[in-house]
Amino acid sequence: MKYFSLQTPSHTASFKEAVIQGIAPDKGLYYPDHIPVLSPSFFNQIEKMSPVEIGMEVMHPFIEGVLSKGELRKVLEGVLDFEFPVIPLNEHMASLELFHGPTLAFKDVGARFMAQCLGLFSEEKQANVTVLVATSGDTGGAVANGFLGVAGVNVVILYPSGKVSPIQEKQLTTLGQNIQALEVSGSFDDCQAMVKTAFLDQEITQHKQLTSANSINVARWLPQMLYYFLAYKQLKPQLDASGKDLIFSVPSGNFGNICAGMVAREMGLPVKHFIAATNTNKVVPNFMETGTYLPKKSVATISNAMDVGDPSNFVRILEMQQHSLAQLKKGFSSYSFSDAQTKKAMKEILKKYAYTADPHGAVGYLGLESYQKEHKNTYGVFLETAHPVKFLEVVEETLGQTLTIPQKIVEVLSKQKKATKINDYQGLKAFLLS
Ligand SMILES: *Cc1c(COP(=O)(O)O)cnc(C)c1O
């Protein structure tokens with residue numbers, strides 16, 4: 001498998017090169033040169049397969065020639081050691097819980113997969129790689145945890161001072177070892193701008209191999225396909241019996257997760273429709289209506305992991321659909337919801353189904369509900385992308401209930417914060433060169 005740059009299709013890279021660079025030299029996103037189709041026998045046997053066996057079949061074509069089967073198996077064993085349960089709410093709707101990983105965020109799978117791959121690559125090269133990442137909250141914790149102790153890889157995380165939740169801050173700043181946190185006096189956008197500047201700064205890149213760990217990196221993006229296969233494995237008997245069409249509603253920000261699900265469908269996974277549910281950052285719902293893609297400055301919402309004004313992975317979705325809006329519409333819809341609607345949905349889900357959803361999951365639920373109103377013979381799954389305690393204040397206030405803090409979080413809250421304060425780009429540069 002080769003990957004090509006969506007900016008300059010003649011520029012190609014191996015999986016390894018694409019992972020180490022993060023983004024192509026021309027700033028294009030890497031995209032696989034073909035999407036393999038899995039055999040019918042794989043889908044017939046999926047119920048009997050373990051998550052690691054499923055992961056082997058799905059991921060092998062994408063890493064072939066770079067990782068051996070033995071290496072891939074080891075990577076997957078390290079990644080898939082927690083549950084991805086489908087929780088039915090009624091006879092035509094379920095929640096797919098992706099928050100049972102070490103940092104209670106769905107980003108754990110991609111972050112761990114990428115960390116393991118980069119660890120293997122830097123072992124061979126005997127060289128150091130620095131992962132530089134800006135976070136508005138959830139990414140940092142998952143990346144910090146995934147990369148902790150990986151030899152040959154240093155991680156530098158920038159976060160906006162006072163703008164991440166106390167739990168998130170502790171998850172970023174208490175690990176030590178190869179993980180360093182920079183507390184930036186500024187906004188998330190400032191952090192991201194500094195990271196982008198560093199990638200272009202030759203005084204830094206001459207000395208350090210920098211890479212990114214957000215969903216533009218193929219090693220973080222592609223393994224998210226596994227969620228959809230693992231959900232299908234659990235639902236197959238009842239889908240076969242009911243004859244209903246499987247649909248997914250994905251709370252979306254940078255559109256990496258839903259794009260991975262759509263790759264899974266290209267590989268043969270029987271999914272009838274994808275719904276991208278967004279908050280009021282609605283560049284994609286607008287595009288579906290008007291055909292014009294107009295990036296906007298992001299606005300703050302209660303589902304803040306989706307506060308994205310220019311979703312980086314949407315170009316991959318367009319590429320997959322041959323840049324045809326008509327073709328995209330056949331299997332993809334997108335809806336936007338306000339904070340007021342999100343809170344109302346959280347209350348409704350609790351009252352009707354005795355289920356506690358976080359704001360992101362609630363946006364996914366709303367997307368599903370909108371679509372199912374007009375498409376009755378469907379079985380809908382919304383992705384619950386974060387544990388409700390990660391958004392403790394808003395969940396407790398909206399639902400009027402006190403949440404129990406899981407043990408993993410209690411432990412991290414008692415640890416000592418360690419972060420270096422920086423004020424501007426010069427601060428970052430001095431840090432990286434020291
Ligand atoms: C990152 C994140 C999302 C959005 O995922 P994308 O792949 O960026 O669309 C949704 N929910 C939560 C909780 C997240 O952390």
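**Exercise 1. Work out whether serine 334 is buried or exposed, and which residues surround it.**

Solution. Start with the setting: this is a predicted model, where local features need pLDDT of at least 70, side-chain atom pairs count only at pLDDT 80 or more, and totals for chains, interfaces and linings use all residues. Residues are numbered from 1 along each chain as its sequence is written, and side-chain values use heavy atoms, with hydrogens and water left out.

Step 1: serine 334 has a relative accessible area of 11%. Buried means under 20%, exposed over 50%, and partly exposed in between (1.4 Å probe, protein chains only), so serine 334 is buried.

Step 2: serine 334 sits in strand S12, residues 332-336. Strands (E, at least two residues) and helices (H or I, at least four) are DSSP runs, numbered from the N terminus.

Step 3: leaving aside neighbours within four places in sequence, serine 334 touches Ala276, Thr278, Val284, Pro285 and Met288; contact means heavy atoms within 4.5 Å.

Step 4: the serine 334 side chain reaches the backbone oxygen of alanine 276 at 2.9 Å. A polar contact is a pair of N or O atoms within 3.5 Å; within protein, one must be able to donate a hydrogen and the other to accept it, and residues adjacent in sequence count only if both atoms are side-chain atoms.

**Exercise 2. Find the partners of methionine 114 that lie beyond four places in sequence.**

Solution. Step 1: look in helix H5 (residues 107-125), where methionine 114 lies. Its relative accessibility is 0%, so methionine 114 counts as buried.

Step 2: list the contacts of methionine 114 outside that sequence window: Phe147, Thr211, Ser212, Ala213, Asn217, Ala219 and Arg220.

Step 3: pick out alanine 219, which is 105 residues away from methionine 114 along the chain, yet their C-alpha atoms are separated by 4.8 Å.

**Exercise 3. Place lysine 408 and trace its contacts.**

Solution. Step 1: lysine 408 belongs to helix H19 (residues 407-413). With a relative accessible area of 39%, lysine 408 is partly exposed.

Step 2: apart from neighbours within four places in sequence, lysine 408 is in contact with His100, Gly101, Pro102 and Leu104. The side chain of lysine 408 comes to 3.4 Å from the backbone oxygen of histidine 100.

Step 3: between lysine 408 and leucine 104, 304 residues apart along the chain, the C-alpha separation is 8.9 Å.

**Exercise 4. Identify which residues come nearest to the ligand, and find polar atoms beside its oxygen and nitrogen atoms.**

Solution. Step 1: there are 15 residues around the ligand (each with a heavy atom within 4 Å of it), and Lys107, Gly253, Asn254, Phe255 and Thr385 come nearest.

Step 2: for oxygen, a backbone N or O atom of asparagine 254 lies 2.8 Å from a ligand oxygen atom. Glycine 256 has a polar backbone atom 3.2 Å from an oxygen atom of the ligand.

Step 3: for nitrogen, turn to threonine 385, whose polar side-chain atom is 2.8 Å from a ligand nitrogen atom.

**Exercise 5. Locate glutamine 177 and glutamine 322, and describe the phi of each.**

Solution. Step 1: glutamine 177 is in the loop between helix H7 (166-173) and strand S8 (179-184). Although not a glycine, glutamine 177 has a positive phi of about 50 degrees, and at 65% relative accessibility it counts as exposed.

Step 2: glutamine 322 is in the loop between helix H14 (314-320) and helix H15 (325-331). Glutamine 322 also has a positive phi of about 50 degrees without being a glycine, and its relative accessible area of 55% makes it exposed.
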